[in-house]
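Here are my notes on the salt bridges and one helix packing. Have the model open while you read.

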Amino acid sequence: MDLEYKKCLIKYNDKLFSCTTSIAMEFIGGKWKSVILIYLLDGKKRYNELYKLISTITERTLSLQLKQLEKDGLITRIVYTKKPPLKVEYALTPLGESLGPVLTSIAQWGMVVAEEKGEIIE
């Protein structure tokens, strides 16, 4: 698919965008959304699993980002029990899964940068 990069105006969800890249960044932009999504590429995760994987995120931020990703239709929240303790899992929707190649490419580029210019701390 070839894209033409020319001046345009796009309306999506009652918002105006000047570029299709802006629409994409509406979904995955920010510090945490793409990180959460990349971990969900492996399959369903519970809240605590995600929290442990993303060691530098706060609980409040994780909760807010999960709600936003669910609202945007990129993930689903699956509740398995009706009484406490609840078992809740998060999984990618088909729309979220379609981001797999994009997120993988970004992660690979980030690894190259980390290896060449940074320090990987295990």
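1. A salt bridge here is a side-chain nitrogen of Lys or Arg within 4 Å of a carboxyl oxygen of Asp or Glu. Three turn up by this rule. One of them joins Lys44 to Glu89, with the closest N and O atoms 3.9 Å apart. This pair links distant parts of the chain: Lys44 sits in the loop between α2 and β3 (45–46), Glu89 in strand β5 (residues 88–92), 45 residues apart.

2. Before going on, note that this is a predicted model: local features need pLDDT of at least 70, side-chain atom pairs count only at pLDDT 80 or more, and totals for chains, interfaces and linings use all residues. Residues are numbered from 1 along each chain as its sequence is written, and side-chain values use heavy atoms, leaving out hydrogens and water.

3. On burial (buried is under 20% relative accessible area, exposed over 50%, partly exposed in between; 1.4 Å probe, protein chains only): Lys44 is partly exposed at 46%, while Glu89 is buried at 12%.

4. Lys33 and Asp72 also form a salt bridge, at 3.8 Å from N to O. Lys33 is buried at 9%, and Asp72 counts as buried too, at 19%.

5. Then there's Lys15 with Glu26, whose closest N and O atoms are 2.5 Å apart. Lys15 is partly exposed at 42%, and so is Glu26 at 32%.

6. Last, a contact (heavy atoms within 4.5 Å) between helices: Ser34, Leu37 and Ile38 in α2 meet Leu103, Thr104 and Ala107 in α6. Helices and strands are DSSP runs numbered from the N terminus (helices H or I, at least four residues; strands E, at least two).
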